[in-house]
Amino acid sequence: MRWDHGGKTYALYQSPDGEFFCTDGLCTHENVHLAGGLVMDYVIECPKHNGQFDYRTGQAKRAPVCVNLRTYPARAEGGRVLVQVD
């Protein structure tokens with residue numbers, strides 16, 4: 001899910017085991033919104049060039065992406081997802 005705050009775009013994910021994660025919302029390859037990509041298990045695939053990231057760690061997993069995503073702590077509390085951003 002895309003989330004915009006303070007002039008920045010983020011992406012929120014819910015893992016198969018119910019945990020929540022947050023990363024920068026734009027691909028590090030060509031600034032495409034990741035929220036339009038395919039999520040498989042713990043991987044988000046960029047919709048433009050199919051580069052992949054592990055959304056738990058931000059690690060770039062498949063070319064053409066080679067720069068990791070920044071991640072942000074996220075948790076569910078009281079039916080809301082809270083994200084710690086700078």
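**Group meeting: a sheet and its aromatic rings**

Okay, let's start with one pairing: Ala-11 has Thr-23 as its bridge partner, and Thr-23 sits in strand 3. Keep in mind that what we're looking at is a predicted model.

Zooming out a bit, that strand 3, residues 20–24, runs antiparallel to strand 2, residues 8–14, and 5 bridges join the two. They belong to an open sheet of 4 strands, ordered 1-2-3-8, with antiparallel pairing. At the edges you'll find strand 1 (2–5) and strand 8 (71–72), each pairing on one side only.

Now, the rings. How many aromatic pairs turn up in the whole structure? The search finds 5. One of them is Trp-3 with Tyr-10, a tilted pair, 4.8 Å centre to centre with 35 degrees between the planes. Is Tyr-10 buried or exposed? Tyr-10 is at 5% relative accessibility, so it counts as buried. Trp-3, on the other hand, is partly exposed at 26%.

Then there's Tyr-13 and Tyr-55. Why do we call that pair stacked? Because the planes are at 5 degrees, with the ring centres 4.5 Å apart; the cut-off for stacked is under 30 degrees. And this pair links distant parts of the chain: Tyr-13 is in strand 2, Tyr-55 is in the loop between strand 6 (52–54) and strand 7 (60–62), and they're 42 residues apart. Both rings belong to buried residues, with Tyr-13 at 6% relative accessible area and Tyr-55 at 0%.

Those two also join Phe-21 and Tyr-42 in one aromatic cluster. And what lies over the face of Tyr-42? That's Arg-56, at 4.0 Å from the ring centre.

Notes. Residues are numbered from 1 along each chain as its sequence is written. This is a predicted model: local features need pLDDT of at least 70, side-chain atom pairs count only at pLDDT 80 or more; totals for chains, interfaces and linings use all residues. Side-chain values use heavy atoms; hydrogens and water are left out. Two strands pair if DSSP finds at least two bridges between them. Rings of Phe, Tyr and Trp (its six-membered ring) pair if their centres lie within 6.5 Å; planes under 30 degrees apart count as stacked, over 60 as edge-to-face and the rest as tilted. Buried means under 20% relative accessible area, exposed over 50%, partly exposed in between (1.4 Å probe, protein chains only). A charge sits over a ring if NZ of Lys or CZ of Arg is within 6 Å of the ring centre and within 35 degrees of the ring normal.
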